[in-house]
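Work through the following exercises on salt bridges, surface and core with the sequence and the coordinates open beside the text. Each task is followed by a solution that proceeds step by step.

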Amino acid sequence: MNATSSGASAPLRVLLAPFGSEGDVTPFLWLADRLVERGHRVRVAANPLYADVVRRRGHAYYAAGSAELLRATLEDPRVWDGRKASMLLLRSLLGSLAGCTEPFLREEAGA
């Protein structure tokens, strides 16, 4: 954390990027709530399926990936195969995050 001259921590600018089902996203929203309570500025990059969930909690939202990509990933039988799931999920994650970081960085350029 950044320390100010008084020794107190300066507010952070945080991008949380949960990936997966709503059950994977919800704990990150709890974390976002706690960070905001402590004075930090939080943005959440999540699949468009969860945009309303993020916004209802009062957090700024960035789209990460597409609903179609997430649905296809979660419906792919390989997701239940321990040997194949890791690569499938990694490819889907990278495809989802590619478009959300640039808008965040552009907005937070002074951070």
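**Exercise 1.** In this predicted model, determine in which element arginine 34 and glutamate 37 lie and how many residues apart they are, and then characterise their pairing and their exposure.

*Solution.* Begin with position: both residues belong to helix α1, where they are three residues apart, about one turn of the helix. Next, take the distance between the side chains, for which the closest N and O atoms of arginine 34 and glutamate 37 are 2.8 Å apart; because a salt bridge requires such a nitrogen within 4 Å of a carboxyl oxygen, the pair is counted as one. In general terms, side chains of opposite charge can pair when their charged atoms come close. Finally, assign the exposure: arginine 34, at 21% relative accessibility, is partly exposed, whereas glutamate 37, with a relative accessible area of 56%, is exposed.

**Exercise 2.** Establish how many salt bridges the rule yields, and examine those formed by arginine 78 and arginine 83.

*Solution.* The count comes to four salt bridges. One of them joins arginine 78 to aspartate 76, with the closest N and O atoms 2.6 Å apart. To classify the two partners, recall that buried means under 20% relative accessible area; aspartate 76 has 15% and is therefore buried, while arginine 78, at 39%, is partly exposed. Another salt bridge is formed by the side chains of aspartate 81 and arginine 83, at 3.8 Å from N to O, and here arginine 83 is exposed, with a relative accessibility of 73%.

**Exercise 3.** Which residues make the nonpolar surface patch of about 290 Å², and is leucine 31 buried, partly exposed or exposed?

*Solution.* The patch is made by Phe28, Trp30 and Leu31. Of these, leucine 31 lies in helix α1, and its relative accessible area of 34% places leucine 31 in the partly exposed class.

**Exercise 4.** Identify the residues that touch the most other members of the largest nonpolar core, trace the elements that supply this core, and list the contacts of valine 44.

*Solution.* The core holds 15 residues, among which Leu29, Val42, Val44 and Val54 touch the most other members. Two or more residues come from each of β1 (13-16), α1 (22-37), β2 (41-46) and α2 (51-56), and α1 gives the most, with four residues. As a last step, set aside the neighbours of valine 44 within four places in sequence; valine 44 is then in contact with Leu15, Leu16, Pro18, Leu29, Ala32, Val54, His59, Ala60, Tyr61 and Tyr62.

Key: Residues are numbered from 1 along each chain as its sequence is written. This is a predicted model: local features need pLDDT of at least 70, side-chain atom pairs count only at pLDDT 80 or more; totals for chains, interfaces and linings use all residues. Side-chain values use heavy atoms; hydrogens and water are left out. A nonpolar core is a set of buried Ala, Val, Leu, Ile, Met, Phe, Trp, Tyr and Cys residues joined through side-chain atoms within 4.5 Å. Buried means under 20% relative accessible area, exposed over 50%, partly exposed in between (1.4 Å probe, protein chains only). Contact means heavy atoms within 4.5 Å. Patches are made of residues with over 30% relative accessible area and no salt bridge: like charges are joined within 9 Å, nonpolar side chains (Val, Leu, Ile, Met, Phe, Trp, Tyr) within 5 Å. Accessible areas come from the Shrake-Rupley method with a 1.4 Å probe; for residues, only the protein chains shown count as cover.
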